[in-house]
Amino acid sequence: AATCPADHTLAVFSLFRVRDVQASSVWVNGTEAIVQPYLYPRNRKLACYYVDLVGSAARGGKNVVVVHFRF
């Protein structure tokens, strides 16, 4: 997974069954965004997914985010 600069806004999806995820998709204001996995370096049993909102269709104010995870 790519790393994000510290000043980027992220949408983070923490899941109990993260290892069971078969597919993931996120749309921000009707535009598909790139979903990245993140494995915690000090505890490989923990993980999450995130979307870097910088460069996505997100804008200041109200946004519509649709999230799909298939297990």
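**Notes on the strands and one salt bridge**

1. Starting with the strand pairing in this predicted model: β2, covering residues 23–28, pairs with β3 through 3 bridges, and the two run antiparallel. Within that pairing, Trp27 sits across from Glu32 of β3.

2. Now the sheet these two belong to. It is open, has 3 strands in the order β3-β2-β6, and the pairing is antiparallel. The edge places go to β3 (31–33) and β6 (65–70); each has a single partner strand, so one side of each lacks a neighbour in the sheet. On average, neighbouring strands here are turned by 25 degrees against each other, with direction ignored.

3. There's another antiparallel pairing to look at: β1 and β5 (residues 47–52) are joined by 4 bridges. If you want a spot to check by eye, take Leu10, whose bridge partner in β5 is Asp52.

4. Staying with β1 (residues 10–13), its two faces are worth a look. Side chains in a regular strand alternate between the two faces of the sheet. In β1, Ala11 and Phe13 make up the covered face, while Leu10 and Val12 are on the uncovered one.

5. On charge pairs: side chains of opposite charge can pair when their charged atoms come close. The salt bridge count here is 1. Arg17 and Asp20 meet through their side chains in a salt bridge, at 3.4 Å from N to O.

6. How buried or exposed is Arg17? Its relative accessibility is 46%, so Arg17 counts as partly exposed. Asp20 has a relative accessible area of 40%, which makes Asp20 partly exposed too.

Terms used: Residues numbered from 1 in each chain as written. Predicted model: local features only at pLDDT ≥ 70, side-chain atom pairs only at ≥ 80, totals over all residues. Heavy atoms only, no water. Pairing = 2+ DSSP bridges. Axes fitted to C-alpha atoms, helices over the stretch in contact; angles between N-to-C directions. Salt bridge = Lys/Arg side-chain N within 4 Å of Asp/Glu carboxyl O. Buried < 20%, exposed > 50% of the residue type's maximum accessible area, 1.4 Å probe, protein only.
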